[in-house]
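Here is a quick tour for someone meeting this structure for the first time. Have a look at the sequence and the model, then read on.

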Amino acid sequence: MPPRSGQRPPPHSSYRGVPEELRPGSSSPADAELVADPIADSDGSAPSPASPEASPLPIRPAATTRPTVELAVRFTSPALAARCLGRFLDVAARPSVLRDADSWWVLAHIPLDLGREISELAGGVGYIRSGSSVLPDHGWGAPPTSAGPGAVDIGTLADTPLLDLVIAAGLYQRPGLSLQTAVILTSAARAGGLLQRALDLRLTATFRPLLVRPRLPSPEPEVAEPEVAAPDADEEAEDVAGTLIEVRLEVGQNRPQLPAALLTALDADRQVLVCRQASPELLVQHNRFSPLTDVQLQAILSGDRWIVADPPYGCWTFESLADYAEGWQLTTMQKCHQLTAGQTGFADPRTTAHATLPDAKPLAVVPASRADGPLDAILLDAGELRAVRLLLEGHPLAEVAVLVPGRDQFLLLAGGGIVDRIPVGRYLTRVGSEPIYIAHGWRTEPALPAAAWRSLFGGLGDRALVIEPERTLVFDLSAQRPVWELWAGELPEIDDQIPEDAKGLLAELDAETTPAPPAPRRSSPTPAARPEPETSARRGIRRFVQRLGGKGPATPVQPTWREQAWTAEQGGDLVGAARIYDVHGDSLRAARLYEWAASEATQPAPGSGPG
Amino acid sequence: MADTPQSLLNRAAHCYLRAGWIHEAARCYREAGAHRRAAEAWESVGAIADAAVDYRAAGLTTRAAWLLGHDLGDATSARELLEAAPDNPGTAAPAAAEEATVARAVRDLLRRVVLARCDVADGSDLDDALGTLDDVMDNLEQNRATWQVPELEPWAIAVAEAMQRLDLVALIFAASVRGGQYQAAERWDAWSQRVLGVPLQLPDPDDDEATRLAFARSHGSLPWSPYPLNR
């Protein structure tokens with residue numbers, strides 16, 4: 001490494017001089033005075049020009065380090081030189097490369113301090129060109145202008161194309177990078193297995209054949225050589241050309257990047273080259289980087305399409321022979337998958353006018369797996385009826401339960417199911433939205449959907465069905481009575497305690513307030529034939545009299561919410577009944593009704609399906 | 001708005017829950033397709049096998065595998081479940097790539113904890129389980145995305161208890177306290193009272209610099225010592 005300039009940093013006062021005075025070794029009397037008398041200068045007195053021909057000195061020379069110069073940087077290692085070349089390609093115009101026996105030189109026209117920064121970063125030694133030689137640069141201050149020790153004549157350096165430097169620098173390896181898209185070059189024999197593996201991993205795989213020729217990177221495209229040139233070289237080039245399959249792998253939706261294990265395994269395989277796509281015309285080996293960036297490499301390698309890789313693969317040019325095809329297109333159907341006509345013997349022979357239908361399976365009732373759900377109804381016989389009377393007297397179930405009498409069996413029902421277990425009778429479960437009951441803890445074999453119940457026992461109307469393992473019972477729901485009638489009995493004889501004269505008084509009041517009708521009035525106070533419209537007051541008095549007498553219509557009683565819900569349930573509006581129970585806090589009955597409504601809603605209405 | 005079967009079954013399940021019939025509610029949730037709610041209902045009532053089935057149907061395979069391995073002791077099914085179906089983390093995915101990587105790493109760690117519990121249930125070699133617990137302690141101390149898997153600490157404690165290594169339990173709790181996990185000291189104290197019968201004694205923050213730094217980092221928790229400090 002040539003020694004730096006031996007000049008000391010100049011003292012402060014010399015900045016007052018003109019640029020010519022800063023050359024090393026130049027000493028004029030004026031300089032000697034200026035340099036040797038700093039104290040006098042710092043007194044503030046203007047420096048007296050020692051020689052009459054010296055012009056007034058400027059305060060500080062401006063921009064001595066910012067002119068654009070031709071900077072040459074010397075490197076011993078081509079890799080560092082290539083990195084510097086890459087930076088020069090970005091910021092400077094016309095970089096060029098020279099070399100001599102043991103070092104590489106990179107030249108560029110560049111602002112001086114920027115160039116010095118880059119050469120420091122790149123690790124080279126800076127030289128400034130002046131005339132036909134390059135002079136070593138101090139690294140600070142003004143550029144050197146006179147030849148001194150260490151100057152090198154440009155004539156001794158050989159001009160080399162940029163690509164020679166790139167080739168000499170080669171590629172360096174940086175492991176562990178992830179890719180979203182990889183281009184894999186391999187022979188046709190291996191490509192099939194690779195595409196299969198890519199399909200297994202759910203990667204998007206496409207492939208196309210390439211025609212490749214091994215060449216070193218050069219900027220000139222390979223043109224068809226004229227016949228004047230050696231034809232042997234052309235045939236030779238054709239001989240070494242070959243084909244490869246380019247498999248392009250991209251990630252799908254389920255991964256952010258290609259699986260690293262696949263790339264590692266392919267890297268280790270000598271017959272497979274994994275590349276990243278720097279541009280549609282440049283493929284660089286995966287995990288390998290030139291000291292230049294991909295963009296700069298692409299700019300230098302204009303012309304053909306290149307594959308750049310380390311040994312043992314080497315560099316190639318490629319051109320495409322066909323379009324991309326999807327990876328799964330390599331799959332063909334075997335003979336067994338091709339369509340053929342149906343085989344006879346598979347269909348039933350047509351013996352009658354109608355098709356052969358499958359045999360119907362008889363419905364059986366078998367034990368179910370779970371027997372701990374809520375209870376929906378209870379089946380009683382006559383002896384148990386007497387026990388029910390004792391059990392339900394005072395029980396809250398007495399308010400809601402109804403009894404459906406049959407010939408010798410009775411059915412105890414409640415809106416939303418009985419849910420409380422009373423220890424008499426046989427427990428029953430409702431199958432769905434229809435009033436069909438199965439013994440609790442049993443189920444039908446096969447299990448039937450709601451539409452099946454509707455059609456098997458269609459048109460039940462006002463009837464309830466009870467399906468036991470060995471028989472089916474039908475009950476008429478219109479004959480239902482509230483269960484408290486078992487013990488409540490008839491109303492007692494009403495003895496109205498109204499005194500006789502009060503009765504007569506009320507009868508007179510009634511007679512006075514009623515207008516005289518054209519038709520003869522009846523003495524009986526029944527409201528069956530009342531020709532004139534009456535006021536509500538008169539009606540109220542009459543009704544009061546009638547109620548006292550124990551005759552006439554009872555007071556219209558508003559139905560309770562339970563009765564409303566029961567009516568809704570019997571009318572088929574299960575969701576409405578469920579809402580009423582839900583609003584009033586009877587959650588279990590509401591839940592049962594919602595469930596039955598859901599099973600009804602699962603099936604489409606009959607007649608809406610095909611056929 | 002038509003009443004679909006799903007909405008009716010959901011309402012039925014809700015009413016069953018209010019009435020206290022949890023089995024029926026879970027059955028209705030399962031028929032309605034609300035597998036996660038069904039699984040939580042089964043779990044609350046103790047039907048662990050049904051809960052595992054529904055967690056699997058809901059896509060929470062890690063939790064299902066944990067129930068199989070820890071509560072039922074069925075390590076074989078738990079392992080098959082973890083290998084067959086990857087966990088679906090749901091729609092709340094972080095936007096940045098590094099966060100996604102960290103979150104995925106923590107979820108993988110949780111699956112390894114479940115596998116460790118299966119190893120203990122099998123009676124097989126426990127080297128991997130110990131390595132997993134080391135990683136859990138590391139993660140709790142560095143506090144890497146632990147908010148995404150709140151069951152990391154309790155499950156690791158359960159694994160250590162199943163291995164009958166109460167020293168590992170203490171190390172895990174200590175890592176939580178150092179990492180500043182919320183109310184880690186309280187949980188440790190509760191565990192200590194329940195299992196060992198003695199209250200927790202932690203070093204005073206003024207003892208040395210490392211303890212003071214760790215105490216300063218455990219923001220959001222009450223003072224370390226179960227006894228009030230004189231400050």
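What follows covers a sheet, a helix, the cysteines and some salt bridges.

This is a predicted model, where local features need pLDDT of at least 70, side-chain atom pairs count only at pLDDT 80 or more, and totals for chains, interfaces and linings use all residues. Residues are numbered from 1 along each chain as its sequence is written, chains are lettered from A in the order in which they are written, and side-chain values use heavy atoms, leaving out hydrogens and water.

Let's start with the sheet. In chain A, eight strands line up as E26-E25-E23-E22-E19-E21-E20-E27, making an open sheet with mixed pairing. Strands E26 (472-476) and E27 (481-482) of chain A sit at the edges with a single partner strand each, so one side of each has no neighbour in the sheet. Strands here are DSSP runs of E with at least two residues, helices are runs of H or I with at least four, and both are numbered from the N terminus; two strands pair if DSSP finds at least two bridges between them. Strand E25 (residues 463-467) of chain A runs antiparallel to E26(A), with five bridges, and Arg463(A) stands opposite Asp476(A) in E26(A).

Over in chain B, helix H4 (residues 48-58) has these buried residues: Ile48(B), Ala51(B), Ala52(B), Asp54(B) and Tyr55(B). Buried means under 20% relative accessible area, exposed means over 50%, and partly exposed is in between, using a 1.4 Å probe and protein chains only. Among the elements covering the buried residues of H4(B) are helices H2 (22-32), H3 (35-45) and H5 (61-71) of chain B. Just after H4(B), Gly59(B) has a positive phi of about 95°.

How many disulfides are there over all chains? The count is zero, taking a disulfide as a pair of cysteine sulfur atoms within 2.5 Å. Cys28(B) is buried at 0% relative accessible area, and its closest cysteine sulfur, in Cys15(B), is 9.6 Å away, too far for a bond.

Salt bridges, on the other hand, come to 34 over all chains. Each one puts a side-chain nitrogen of Lys or Arg within 4 Å of a carboxyl oxygen of Asp or Glu. Here are some of them:

| Acid | Base | Closest N to O |
|---|---|---|
| Glu250(A) | Arg248(A) | 3.2 Å |
| Glu445(A) | Arg443(A) | 3.2 Å |
| Glu31(B) | Arg27(B) | 3.5 Å |

Arg27(B) and Glu31(B) are four residues apart in helix H2 of chain B, so about one helical turn separates them. Salt bridges with shared partners join Asp376(A), Arg592(A), Glu595(A), Glu24(B), Arg27(B) and Glu31(B) into one network.

Notes:
Contact = heavy atoms within 4.5 Å.
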